[in-house]
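Trainee: I should like to learn how to read the features of a protein structure that is new to me. May we take them one at a time, with the general idea before the particular case?

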Amino acid sequence: HLMLRVLRLYRCTTPVIAARPPGVARSGPAVLVANHPTLCDVTSIASLFPDVVALAGAAYSGSRVLRYPVEASGFIPAGPHLLRDAEERLRQGYDVLIFPEGTRSPVDGPLNPFHRGAFEIALRARVPIVLFELRCEPRALTKRLPMWKFPDRMAVLSVVPFDVIDPVALGLDSKQLCRAIEQRYRDHMRYPAPA
């Protein structure tokens with residue numbers, strides 16, 4: 001990130017230093033949920049939180065080159081024990097970052113349909129869910145823009161927490177919770193529902 005910033009290619013900003021909205025304890029773990037507009041989201045959020053781990057997709061955790069850095073960082077590899085491992089990280093006091101779309105968000109929306117894993121984890125561990133809106137202006141490192149195509153001016157990723165959900169208090173199962181939070185994102189970001 002320092003190199004990207006020095007080269008004036010990319011930087012991350014957040015209006016809240018601890019990146020937690022009012023009402024969320026700074027001491028307890030949480031499931032952090034965010035849309036996923038750029039390739040640097042994970043490392044940007046990890047730079048804001050001292051104790052965050054993320055779910056690593058099969059492309060990263062299964063790669064011979066990337067598997068070891070993923071494991072060394074404490075990130076949770078994709079696989080049959082993902083829910084158990086994520087719950088264990090939360091019990092150890094780590095925040096767990098999950099992009100419920102499962103891939104980078106479309107450039108102009110709407111969001112990809114959410115998967116329910118993040119919400120199942122939060123329900124099982126009985127921890128709050130913190131919702132983040134991520135925006136990268138101008139667009140950079142998106143799914144359709146290759147790494148070597150950076151914009152003419154520095155890309156700035158804004159990381160903005162906008163809501164906190166107590167999943168247990170809502171009394172929903174993980175599938176219902178997933179649909180409700182997906183709709184919350186669509187309303188917040190003013191995206192239409194998918195056709």
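Trainee: How many of the 5 residues of strand E3 are buried?

Mentor: Please bear in mind that the model is predicted. A residue counts as buried when its relative accessible area is under 20%. In strand E3, residues 52-56, 4 of the 5 residues are buried, so the strand is largely enclosed by the rest of the structure.

Trainee: Which strands pair with E3, and in what sense?

Mentor: E3 pairs with strand E5, residues 95-98, in the parallel sense over 3 bridges. Within that pairing, valine 52 has aspartate 95 of E5 as its bridge partner. E3 also pairs in the parallel sense with strand E4, residues 76-77, here over 2 bridges. Alanine 56 is bridged to proline 77 of E4.

Trainee: Let us turn to helices. Which residues of helix H6 are buried?

Mentor: A general idea helps first: an α-helix has 3.6 residues a turn, so residues three or four places apart point the same way. In helix H6, residues 117-125, the buried residues are Ala118, Phe119, Glu120, Ile121, Ala122 and Leu123.

Trainee: What do the buried residues of H6 pack against?

Mentor: They pack against several elements, including strand E2 (31-34), helix H5 (82-91) and E5. Strand E6 (129-137), helix H7 (167-170) and helix H8 (174-189) are also among the elements they pack against. Just after H6 comes arginine 126, whose phi is positive, near 55°.

Trainee: Which residues of the largest nonpolar core touch the most other members?

Mentor: The core has 52 residues, and those touching the most other members are Val31, Phe119, Ile129, Ile181 and Tyr185. The largest share of this core comes from E6, which supplies 6 residues.

Trainee: What does tyrosine 185 touch, leaving aside residues up to four places away in sequence?

Mentor: Its contacts are Val33, Ala34, Asn35, Leu111, Phe114, Leu131, Phe132, Phe162 and Arg190. Tyrosine 185 is itself buried, with a relative accessible area of 0%.

Trainee: How many aromatic pairs does the structure hold, and how are they arranged?

Mentor: The structure holds 2 aromatic pairs. In one of them, phenylalanine 114 and tyrosine 185 meet edge-to-face, at 5.6 Å centre to centre and with 65° between the planes. This pair links distant parts of the chain, since phenylalanine 114 lies in the loop between E5 and H6 and tyrosine 185 in helix H8, 71 residues apart. Phenylalanine 114 is buried, with a relative accessible area of 4%. Phenylalanine 162 and tyrosine 185 also form an edge-to-face pair, at 5.1 Å centre to centre and with 85° between the planes. Because phenylalanine 162 lies in strand E7 (residues 155-165) and tyrosine 185 in helix H8, this pair ties together parts that are 23 residues apart in sequence. Phenylalanine 162, at 16% relative accessibility, counts as buried. Phe114, Phe162 and Tyr185 form one aromatic cluster.

Trainee: Finally, how many disulfides are found, and why does cysteine 40 form no bond with cysteine 136?

Mentor: A disulfide is a covalent bond between the sulfur atoms of two cysteines. To be counted, the two sulfur atoms must lie within 2.5 Å. A search of the whole structure finds 0 disulfides. The closest cysteine sulfur to that of cysteine 40 is in cysteine 136, and the separation of 8.3 Å is too far for a bond.

Trainee: Is cysteine 40 buried or exposed?

Mentor: Cysteine 40 is buried, with a relative accessible area of 12%. Cysteine 178 is buried as well, with a value of 0%.

Key:
Residues are numbered from 1 along each chain as its sequence is written. This is a predicted model: local features need pLDDT of at least 70, side-chain atom pairs count only at pLDDT 80 or more; totals for chains, interfaces and linings use all residues. Side-chain values use heavy atoms; hydrogens and water are left out. Buried means under 20% relative accessible area, exposed over 50%, partly exposed in between (1.4 Å probe, protein chains only). Helices (H or I, at least four residues) and strands (E, at least two) are DSSP runs, numbered from the N terminus. Two strands pair if DSSP finds at least two bridges between them. Contact means heavy atoms within 4.5 Å. A nonpolar core is a set of buried Ala, Val, Leu, Ile, Met, Phe, Trp, Tyr and Cys residues joined through side-chain atoms within 4.5 Å. Rings of Phe, Tyr and Trp (its six-membered ring) pair if their centres lie within 6.5 Å; planes under 30 degrees apart count as stacked, over 60 as edge-to-face and the rest as tilted.
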